[in-house]
Amino acid sequence: MIVPKPVHHEFLTGQFVLDRDTALAVDPELSQVAAWLRGELGPVTGGELPPGGPGPGTIMISRADLHPEGYRLTVGPEGVVIEAGGAAGAFYGAQTFRQLLPAQAFRKAGAAEAMTVPAVLIEDEPRFAWRGCLLDVARHFMTKADVLRFIDLIALHKLNVLHLHLSDDQGWRLEIRRYPRLTEVGSWRKESQTGWNGAMDGRPHGGYYTQDDIREIVAYAAGRHVTVVPEIDLPGHTQAAIAAYPELGNLDEPLEVRTTWGIGTNVLNAQESTVEFFTNVFDEVMELFPSPYLCVGGDECSKEQWRESPAAQRRIAELGLADEEELQSWFIHRFAEYFAARGRRLLGWDEILEGGLAEGAVVASWRDDFSAVTAAKAGHDVVTCSNTAVYFDYRQGPGEDEPVPFGTVLTLDDVYAFQPIPAELADDDAAEHVIGSQCCVWTELIDSSRHVDYMAFPRLSAFAETVWSPAARDFADFRVRLAAHLPRLAAIGVEFRREEGPLPWQTRPGVPGRPEDQEEWRAQIAAWTSNLRDRG
């Protein structure tokens, strides 16, 4: 009952008893995985999983000649063996072992007790190298604690990339010491729009991460084999930065941090001083994020101000460019070259194809398969993230009780049907340039961690299977395994959407929870998962 489904899973004879006397033996190079597993299992068993040697009653974690992210998990009456091709594989093997435990083990609270684990042989490795989720903390800020919790949730599903969207028109979320007004001014807006076109709520909203916060987030993610890829948008989606430093913009009038949604018209000017400003920003970004990829956005850049700006038109002429489309491409090329000189690669949304793609750039293809196919056939790496398949701000059902309904209906079935490799590339060597996929949690209309739970789960569980498990998938089989997986999420406290729709308090995300909510939640989940198993 593992999610995502392993490559090979068979039941053996017998069972293993995990209790306070269970020991843990580990190759020294995998000690970090052992420390994590002790932290997860110690509160459950009441023991400390002390170091031990191979033998009865021991969990053994060791290296083997396997895929770097692959593992072989063998559970028998005498003990548990996790063999892995590297630390990541060992971690995923340990995550799978956790899923063999009863759901209450995920609470890590209550009376410690012995637990039985079925004897199994599981051999597993991922289908794609990039298995990601974008979390938009620019539109609605999430605390450091909420981000760390979200990292745990994606790591449980064997995702390995957190694409952290840190800046936009509505907020700048990262401390940049050279430019303090980015957070002094840019991290707060005076109010927010309710719904996509609704009234203003009259409530200030904001927050940002200090550089120490980011170091903690990055280190925490690394301990769970998640790479944090930062996104700092340019040349569009930059009104918060322009509000803080007006000289970056095209107008002579001051701007506020934007309070409404949609595509804005305020974009960066093309002066060399503006490019220098953002190279300075990215210098600090690179100190904080060791990721080989840095995202500049590059999407939805309005050309209106450039067309109307004499300075922008002079700049286009000076650079020998044909038009505003080539000016945007010039921006992207400048940063691609800057990153490459420092051993990093530029990631951008598929609009960066327009006007010519920079060498070495990676395309996040979100609008349609055409962009993914074009980029892959041109020899560029691609991360597919179709908005019609894996955008989790889209509503999950047609009912009017969905919280702030937005976009087309995107059901659990729809997400599970997602194919990371476009059909046009199925028999093409260029398919090797599809390095993976990511789902996206955009937060214009998602204003709390509880609401993120509701919109992301269980759809993220379905998405994880599209990027980890073999291409041939069976939705009916997934539903049976999901029925076993949901109680785990409930035990952790994830307030996911039930198939029947939202519970009463979920129709108003962000309202403080009542103590009785969690008990009602667990009762609802027990009934739902029982029905799912019966329907099998």
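**Exercise 1.** Determine how the axes of helix α1 and helix α2 are arranged in this predicted model.

*Solution.* Step 1: helices (H or I, at least four residues) and strands (E, at least two) are DSSP runs, numbered from the N terminus. Helix α1 covers residues 31–45 and helix α2 covers residues 87–99.

Step 2: axes are lines fitted to C-alpha atoms, for helices over the stretch in contact, and angles run from 0 to 180 degrees between N-to-C directions. The two axes come within 10 Å and cross at roughly 15°.

Step 3: angles under 35 degrees count as roughly parallel, over 145 as roughly antiparallel, 65 to 115 as roughly perpendicular and the rest as oblique. The crossing angle therefore makes α1 roughly parallel to α2.

Step 4: contact means heavy atoms within 4.5 Å. On α1 the contact is made by Val33, Trp36, Leu37, Glu40 and Leu41, and on α2 by Ala87, Ala90, Phe91, Ala94, Gln95, Phe97 and Arg98.

Step 5: Ala, Val, Leu, Ile, Met, Phe, Trp, Tyr, Cys and Pro count as nonpolar, Asp, Glu, Lys and Arg as charged, and the others, Gly among them, as polar. The contact of α1 with α2 comprises nine nonpolar, one polar and two charged residues.

**Exercise 2.** Describe the orientation and contact of α7 and α10.

*Solution.* Step 1: the axes of α7 (residues 272–288) and α10 (residues 324–340) come within 11 Å and cross at roughly 40°.

Step 2: α7 and α10 are therefore oblique to each other.

Step 3: α7 contributes Glu272, Val275, Phe278, Thr279, Phe282, Asp283 and Met286 to the contact, while α10 contributes Trp330, Phe331, Arg334, Phe335, Tyr338 and Phe339.

Step 4: by class, nine of these residues are nonpolar, one is polar and three are charged.

**Exercise 3.** Locate the cis peptide bonds that precede Pro235 and Pro458.

*Solution.* Step 1: the bond from Leu234 to Pro235 is cis, with omega near -5°. Pro235 lies in the loop between β13 (227–234) and α6 (239–244).

Step 2: Phe457 and Pro458 are also joined by a cis peptide bond, with omega about 10°. Pro458 belongs to the loop between α14 (449–456) and α15 (459–468).

**Exercise 4.** State the sign of phi at Leu49 and the place of this residue.

*Solution.* Step 1: phi of Leu49 is near 45°, a positive value in a residue other than glycine.

Step 2: Leu49 is found in the loop between α1 and β3 (58–63).

**Notes.** Residues are numbered from 1 along each chain as its sequence is written. In this predicted model, local features need pLDDT of at least 70 and side-chain atom pairs count only at pLDDT 80 or more, while totals for chains, interfaces and linings use all residues, and side-chain values use heavy atoms, with hydrogens and water left out.
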